[in-house]
Amino acid sequence: MVLRNFALLGGYNFANLTKPLVATGSLEKGAANRLYNTLNFWVEVSRSDKNAHGKRLNACMQTRLIHSASRLMIQKKHPEWNKDCYGEPINYADMIATNIAFTVYYLYGLQKLNFNYSEKEELGVFHLWKYVTYLLGVPKELIPNNKMEALSFFHFWTKYQGQPDEDAIKLSESLLNENTPISMFKLDIIKRNMGYIHKSISNYLIDGNIRQNLNIPEVRFKNIIPKAVQLKNQLIINTEREIQEGRANQKSILHDYKNAIT
């Protein structure tokens, strides 16, 4: 909920992140394809089983090669690419901004939904994503170690971002209208209303100015879903069991998205 409806959707507010996506044809491939690829990467790099390091390294190397190929393709097929506005396609600064979506945005969204975590766990998230971002090719001395460093960089990065344009709005609409039924939910009424659930979470987590920039529609009774999620998170008793169930649920949702694109 947080990654999709806050980190990913909120990132479309920044032209430096949306322009390479559009140039590589992500808009035409559809939101389900982007969700599958993003969640698959997340699952591969965030496991802790005995094969975790190999999976993490393989996922990062594949993504690094995709980044390289995409950069070369954009430079070749889009000679009009505005370097003054967007820099080189998929550059270090934009990759660090994506790191911040998986750390600061992610943790803030969890906190807003009453999902409690310790200071040690917070630093663990930053440590994991510093390593992942390093494997993706960013020099380690540039990657934030904690929330303070990340927010300082993000403040600098946003200073030279242009206003979101039609491409950003199209990407947002595509994501908001992607309503693949999630099989982990047993009730049909929930499966039929995934769009309402996603919009409710985005309404709750995303800043009003960004919602306006991206034409994110307001929904009726928008606080019902967030309040239900908050209540559920307050009732967590067995953290280890929740972690195991969460891992299984992520893989189940990944399977749902894979079916949606095949």
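Start by selecting Asn-114 in this predicted model. Asn-114 is partly exposed, with a relative accessibility of 23%. You will find Asn-114 in the loop that joins helix 7 (92-112) to helix 8 (119-135). Check the backbone while you are there: Asn-114 is not a glycine, yet its phi is positive, at about 65 degrees.

For a second residue of this kind, jump to Phe-221. Phe-221 also is not a glycine, and its phi is positive at about 50 degrees. The loop here runs between helix 13 (208-213) and helix 14 (224-234). Is Phe-221 buried or exposed? With 56% relative accessibility, Phe-221 counts as exposed.

**Along helix 5**

Now select residues 52-77, which make up helix 5. Try a distance between the C-alpha atoms at its two ends: they are 37 Å apart. At 1.5 Å a residue, a helix of 26 residues should span 38 Å, so the two values agree.

Colour the buried positions of helix 5 next: Ala-52, Arg-56, Ala-59, Cys-60, Thr-63, His-67, Ser-70 and Ile-74. Which helices do these buried residues pack against? Show helix 2 (15-23), helix 4 (31-45), helix 7 and helix 8, and you have the partners on screen.

Two of the buried residues deserve a stop of their own. Take Arg-56 first, in helix 5. Arg-56 has a relative accessible area of 11%, and because buried means under 20%, it counts as buried. Display what surrounds Arg-56: leaving out residues up to four places away in sequence, it touches Glu-44, Val-45, Arg-47, Leu-128, Tyr-131, Val-132 and Leu-135. Of these contacts, draw a line to Val-132. Arg-56 and Val-132 are 76 residues apart in sequence, but their C-alpha atoms are 7.8 Å apart in space.

Move along to Ser-70, also a helix 5 residue. Ser-70 is buried, at 14% relative accessibility. Setting aside neighbours within four places in sequence, the contacts of Ser-70 are Thr-24 and Ile-90.

**Where helix 5 meets helix 8**

Keep helix 5 and helix 8 on screen and turn the view until you can see them cross. Their axes come within 9 Å and cross at roughly 45 degrees. The two helices are therefore oblique to each other. To see the interface, show side chains for His-53, Arg-56, Leu-57, Cys-60, Met-61 and Arg-64 on the helix 5 side. Facing them from helix 8 are Leu-128, Tyr-131, Val-132, Tyr-134 and Leu-135.

**Two cysteines**

Cys-60 is a good place to pause. With 0% relative accessibility, Cys-60 is buried. Now select Cys-85, which is partly exposed at 39%. How many disulfides does the model contain? The count is 0, taking sulfur atoms within 2.5 Å as the cut-off.

**Into the nonpolar core**

Select Phe-41 and Trp-129 together. In the largest nonpolar core, which has 61 residues, these two touch the most other members. Helix 7 gives this core its largest share, 12 residues. Centre the view on Trp-129 and show its contacts beyond four places in sequence: Phe-41, Trp-42, Val-45, Asn-99, Phe-102 and Thr-103. A separate core of 5 residues lies apart from the largest one, and its members include Ala-15, Ala-23, Trp-81 and Tyr-86.

**A loop proline**

From Trp-81, go to Pro-89, which is in contact with it. Pro-89 sits in the loop between helix 6 (83-86) and helix 7. Is this proline buried or exposed? Pro-89 is buried, with a relative accessible area of 1%. Besides Trp-81, its contacts beyond four places in sequence are Arg-71, Ile-74 and Gln-75. For a longer line across the view, join the C-alpha atoms of Pro-89 and Phe-154: they are 18 Å apart in space and 65 residues apart in sequence.

**Last stop: helix 2 and helix 10**

Finish with helix 2 and helix 10 (residues 166-176), whose axes come within 9 Å and cross at roughly 75 degrees. That angle makes helix 2 roughly perpendicular to helix 10. Show Thr-18, Lys-19, Leu-21 and Val-22 from helix 2, then Asp-167, Ala-168 and Leu-171 from helix 10, and the contact is laid out in front of you.

Key:
Residues are numbered from 1 along each chain as its sequence is written. This is a predicted model: local features need pLDDT of at least 70, side-chain atom pairs count only at pLDDT 80 or more; totals for chains, interfaces and linings use all residues. Side-chain values use heavy atoms; hydrogens and water are left out. Helices (H or I, at least four residues) and strands (E, at least two) are DSSP runs, numbered from the N terminus. Buried means under 20% relative accessible area, exposed over 50%, partly exposed in between (1.4 Å probe, protein chains only). The expected span of a helix is 1.5 Å times one less than its number of residues. Contact means heavy atoms within 4.5 Å. A nonpolar core is a set of buried Ala, Val, Leu, Ile, Met, Phe, Trp, Tyr and Cys residues joined through side-chain atoms within 4.5 Å. Axes are lines fitted to C-alpha atoms, for helices over the stretch in contact, and angles run from 0 to 180 degrees between N-to-C directions. Angles under 35 degrees count as roughly parallel, over 145 as roughly antiparallel, 65 to 115 as roughly perpendicular and the rest as oblique.
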